[in-house]
Amino acid sequence: MGFKSFRGGPFNHSHENHAFNVLHDMLQTEWEGRDDQLYLFGNFFFAGKEFDALIIKNNAIVVIDFKHFGGEISFSENGPWYCDDVVVKGGNSRNPFLQLRSNKFALLDYIKNGHIEIQSKLNLGHIAGLVMFDQPIEIDDTQIPQQIKSWFHICDLSKAIRTIDGIASAEIDISLHELNMIADAFSAPEYFPDGKPVTRAISVNPESSFETEFTPTGFQKAVLEQAERWLTSDICVFVLKGMSSTGKRTLVREIIKRIENRNKSLLLLAPNARIANKYTEMGLGEFSSIYQVLYSSKSDGVVKKSNGVELAKHPVILTGEQVKDKVLVVVESHLISNSYYDMDNVIFGSGHMVNDLLTAFENNSPKLLLVGDPYQLSRGDLDQCLLSSQAIRDKELTIEEAFLVQQIESEPKELHDFQFEIAQQMQLKHFNKLPDAESEVVSQVENSPKIGTDITSGRYHGVYLTALNNMAQKINFAAKQKVLKQANPYVLNAGDLIDFHASARVNNPLNSNTEIEPSNDWVHSGEIATVTSVDDKIDTIELPLKGRDMPTVVRIGYLNCRVPSLGDVNVSYIIDYLHADKPELSTDQMLVLSIKAREQAVEAFKVLKGKLDCINDKKSDEYRSKKKKYSELVQNHIAHSPLLNAARIRYAYAMTVHRAQGRQWNLVYLDASRGPSGYSITNDGFFRFLYTASMSAENGLTLLKYPKLTPLYQTQFIPNNNCKIGMFPVRKGFNYQIPDQAELERFNYPVGMNTDVVELKAIYFSVSNCLSNSSWRISELKQHSYQELYTFEHSTGKKVRVRFTYDKSIKVKTLAFPDETKEPSLSEELKTLLASEIAFAESRLNTALQSLRNFVEELGFEVVDAKRSGDWEMQVLCANDNEAIQLKTWVVKTGLVSKIMPEKATSEEVVGLFKEALNE
């Protein structure tokens with residue numbers, strides 16, 4: 001039977017909604033196809049208590065409370081709980097334990113008092129409680145007394161399935177019939193998160209319009225059918241692209257199932273170990289880092305750069321035979337680049353990862369599924385990322401693409417709205433308007449003391465993102481000094497949050513083997529850890545380099561930190577990397593580390609080198625064999641040198657958007673004043689920067705120095721000496737669009753309409769649409785030269801005539817109401833219904849016109865008329881009760897209004913008003 005879920009309604013907080021949805025998806029995947037049943041209930045109220053969630057399965061009842069914290073948890077039975085020194089409350093109770101105990105006994109009493117008739121074996125005392133944190137936590141289980149531990153549990157989402165599966169009682173046995181009885185008693189409606197969500201589609205070209213509705217199951221079915229065809233075809237690569245909330249994860253899960261159903265072997269890959277762990281925890285399968293699969297963990301030689309720095313070379317180990325008949329699935333493939341990359345002391349393969357991957361295929365090209373977001377920043381050049389498929393096309397491999405343009409409405413809605421609008425601009429290549437940031441979820445501020453508190457409140461609670469490393473470093477030092485009140489903010493302190501910029505080996509004091517085998521314990525790149533202590537010991541490496549006036553210095557420090565996946569560990573770190581403006585070492589510093597690492601390796605094996613030198617016959621097999629062994633030992637020692645592998649860490653309160661990419665914080669503060677490439681904001685790079693930053697926010701995005709970009713951004717007001725000043729007639733006509741020919745042909749026209757002129761039919765079509773869902777209908781139509789006389793009948797039986805006067809191009813210039821004096825109120829009602837909005841066929845002109853409309857409304861005017869007067873020009877007539885002005889407006893290809901010039905106005909004052917407002 002498997003899995004069912006029920007929910008009383010949306011949660012009050014977006015983080016609870018998110019936690020429930022993540023738990024829902026994991027349980028649905030885990031229980032699908034199982035013989036036992038599990039019912040999940042969310043956000044419902046009964047027995048006088050509000051429950052975040054409740055799980056009932058055949059052998060357990062589990063009351064759940066969601067908590068929005070992460071870090072080290074300290075438990076107390078009756079006192080307060082803490083998470084990294086932040087108090088964790090339990091609703092109205094002192095702590096989550098007391099809250100869950102109260103809810104447990106409310107449920108127990110509810111069943112015990114006969115509200116649900118359960119005949120099966122059921123020991124109500126065995127109802128369990130579970131506090132579930134939506135961020136990674138650490139807790140010492142010994143804090144929880146044994147008698148409590150028998151029914152009370154604590155975990156985070158990453159351990160949810162294991163914890164829930166492990167909660168079972170031999171004294172609880174609930175049948176399927178009783179599960180349904182309980183569901184009926186709770187009166188919670190069944191929950192279908194993927195049922196019929198509200199959706200919208202990205203316009204894929206400048207002339208297409210937004211779709212407001214579609215059937216997501218139908219579209220997803222089409223993509224799945226496309227994937228099925230790919231699996232049975234000779235096509236090598238299937239590329240699945242989509243922005244946030246387009247259902248990529250659901251589709252990947254379904255495609256993987258179909259691959260498995262065909263008994264094909266899978267190789268699941270992610271850009272790095274951290275992302276691989278994330279996808280594995282989602283329940284999509286066992287993912288591995290592409291580095292782990294593609295490259296050897298051992299170096300087989302050295303590549304010397306032009307600056308003298310030696311890079312340990314890790315060769316490609318993946319072979320065509322290993323991938324033969326396999327299907328490779330690569331998630332987040334926009335984060336995998338073919339641009340050259342080395343890591344200061346290490347180079348993997350050729351330094352061009354995509355080329356290395358494709359070369360490994362040899363003549364046994366496997367099926368390759370690439371999944372990613374085309375709107376995010378890429379690593380290196382945009383066309384070099386794996387998702388772009390350029391390198392694949394260069395290899396002349398066949399490709400099938402599916403572009404998910406429908407965004408499924410999900411929480412937090414305001415954040416997805418923001419991302420949708422940015423992606424739409426990128427798709428159209430307009431870059432002329434930024435979305436509003438006026439909601440609780442996406443907002444803008446000048447400054448706030450809350451920023452400092454949020455970014456220092458624990459791992460993944462809050463972060464400050466910028467375009468530049470030096471600005472991030474200034475924020476880091478400010479947080480340490482002004483918020484954390486550190487006596488010396490310019491050194492590493494206990495309690496600091498640090499971000500590992502590269503994988504770092506954990507120090508193992510027991511390992512004194514001179515061959516330095518790699519440790520099993522590595523802190524992955526991208527891990528954020530809490531410093532628990534800093535060693536006073538500092539190793540200073542000083543070396544005079546040829547041609548330098550001063551010796552080059554590198555300082556190595558030692559720290560203990562708490563890493564969620566490893567616990568408390570000790571690592572060495574490069575002090576100079578931590579405190580530099582940019583996260584890098586100078587070429588001289590890298591050269592010093594390289595020289596010292598080689599010296600240490602040579603010293604470690606000097607005895608072996610001495611024996612090697614004693615062999616007289618340098619051409620003998622013995623000499624060649626021992627020399628090869630010696631070279632391998634030296635190279636391995638260098639590759640795993642504690643100097644070269646000392647941690648590259650930075651403070652984690654602020655960082656660049658590039659650095660944050662692929663991770664999520666509860667709250668993100670973004671310096672939106674500029675992008676990585678400069679202060680220009682009307683380009684793809686800046687929009688990609690904003691979009692990527694928003695992807696790091698889980699529940700809140702706050703923008704600082706957010707530019708006000710509209711099509712009027714940097715518009716010039718051009719004076720016109722020939723501008724006509726004086727009163728002139730202002731007429732507000734009727735605007736219409738010509739629909740598809742098929743729509744016009746299907747429409748029922750009245751008796752009296754004897755014309756084949758498409759425009760006149762379109763006017764009637766538009767007028768009819770204006771009256772839909774109103775109390776009016778068209779009762780009669782009389783056609784005259786350059787006039788159409790419509791008679792409208794109200795539901796009361798009263799009639800009002802309207803005369804539509806048009807010119808030779810059949811543009812309706814005026815609407816006249818002959819019966820206005822007899823039926824003033826009905827005439828006004830009809831005027832409101834027929835007040836059609838001006839629109840053009842080109843979206844760039846409509847965007848520019850809407851911006852002008854907003855601008856003139858702030859001045860107390862309205863756009864009365866607008867017409868296109870060329871490829872790049874339009875005339876816009878604005879008026880209020882007393883004044884009017886006609887503006888010649890130039891609109892460039894991107895939809896930006898470059899210039900505005902007055903052509904005629906009722907007074908000099910109105911020209912001055914518009915000039916002053918535009919110059920501001």
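1. In this predicted model, a polar contact of 2.8 Å joins the side chains of Tyr-375 and Gln-427. Tyr-375 sits in the loop that runs between strand 19 (367–372) and helix 12 (390–394), and despite that loop position the residue is buried, with a relative accessible area of 4%. Once neighbours within four places in sequence are set aside, the contacts of Tyr-375 are Ile-202, Met-243, Phe-403, Ala-423, Met-426, Gln-427, Arg-688, Tyr-691 and Thr-692. As a point of reference for distance, the C-alpha atom of Tyr-375 is separated by 47 Å from that of Ser-102, a residue 273 places away along the chain.

2. A second loop residue to examine is Glu-332, which belongs to the loop between strand 17 (326–330) and strand 18 (346–348). Is Glu-332 buried or exposed? Its relative accessibility is 15%, so Glu-332 counts as buried, the cut-off being under 20%. The backbone of Glu-332 also deserves a look, since its phi is near 50°, a positive value in a residue other than glycine. Beyond four places in sequence, Glu-332 is in contact with Pro-271, Ile-275, Lys-278, Tyr-279 and Val-371.

3. Two of those contacts, Ile-275 and Tyr-279, reappear among the buried residues of helix 8 (residues 273–281), which are Arg-274, Ile-275, Ala-276 and Tyr-279. The cover over these buried residues includes strand 13 (265–270) and strand 14 (288–289). At the start of helix 8, the backbone nitrogen of Arg-274 has a side-chain oxygen of Asn-272 within 3.2 Å, while the helix is followed by Gly-283, whose phi is positive, near 90°.

4. Helix 11 (residues 353–361) is mostly covered, with seven of its nine residues buried; these are Met-353, Val-354, Asp-356, Leu-357, Leu-358, Ala-360 and Phe-361. Both helices and strands take part in covering them, including helix 9 (290–294), helix 10 (320–323), strand 17, strand 18, strand 19 and helix 12. Just after helix 11, Glu-362 takes a positive phi of about 50°.

5. Two further backbone features lie on either side of helix 13 (413–428). In the loop between strand 21 (406–408) and helix 13, where Pro-412 is found, the peptide bond from Glu-411 to Pro-412 is cis, with omega near -5°. In the loop between helix 13 and strand 22 (442–445) lies Lys-429, which has a positive phi of about 60° although it is not a glycine. Lys-429 counts as exposed, at 59% relative accessibility, whereas Glu-332, with its own positive phi, counts as buried.

6. On the interior, the largest nonpolar core has 73 residues, and Phe-500 and Leu-670 are those with the most contacts inside it. Leaving out residues up to four places away in sequence, Leu-670 touches Leu-465, Val-657, Phe-689, Leu-690, Ala-693, Leu-701, Thr-702, Leu-703 and Leu-704. A second core, separate from this one, has 41 residues, among them Cys-83, Val-88, Val-131 and Ile-137. As general background, nonpolar side chains tend to be buried together in soluble globular proteins.

7. The structure holds four cavities of 30 Å³ or more, and the largest cavity has a volume of about 70 Å³. Which residues line the largest cavity? The lining is made by Asn-469, Ala-472, Gln-473, Asn-476, His-501, Arg-650, Tyr-651, Ala-654, Met-655, Thr-656 and Arg-659. Helix 15 (469–483), strand 30 (649–651) and strand 31 (654–656) are the elements that give two or more residues to this lining, with helix 15 giving the most, four residues. By character, the lining residues divide into four nonpolar, five polar and two charged.

8. Helix 15 also holds Phe-477, which is buried, with a relative accessible area of 12%. Not counting residues up to four places away in sequence, Phe-477 touches Pro-489, Tyr-490, His-579 and Tyr-651, and Tyr-651 is in turn one of the residues lining the largest cavity. The C-alpha atoms of Phe-477 and Ala-168, which are 309 residues apart along the chain, are separated by 49 Å.

Technical notes. Residues are numbered from 1 along each chain as its sequence is written. This is a predicted model: local features need pLDDT of at least 70, side-chain atom pairs count only at pLDDT 80 or more; totals for chains, interfaces and linings use all residues. Side-chain values use heavy atoms; hydrogens and water are left out. A nonpolar core is a set of buried Ala, Val, Leu, Ile, Met, Phe, Trp, Tyr and Cys residues joined through side-chain atoms within 4.5 Å. Buried means under 20% relative accessible area, exposed over 50%, partly exposed in between (1.4 Å probe, protein chains only). Contact means heavy atoms within 4.5 Å. On a 1 Å grid over the protein atoms alone, a cavity is a set of points where a 1.4 Å probe fits but cannot get out, and a pocket is an open set with protein on both sides within 12 Å along at least five of seven lines; lining residues have an atom within 4 Å of a point. Grid points are joined across faces, edges and corners, and a volume is the space filled by probe spheres set on the points. Ala, Val, Leu, Ile, Met, Phe, Trp, Tyr, Cys and Pro count as nonpolar, Asp, Glu, Lys and Arg as charged, and the others, Gly among them, as polar. A polar contact is a pair of N or O atoms within 3.5 Å; within protein, one must be able to donate a hydrogen and the other to accept it, and residues adjacent in sequence count only if both atoms are side-chain atoms.
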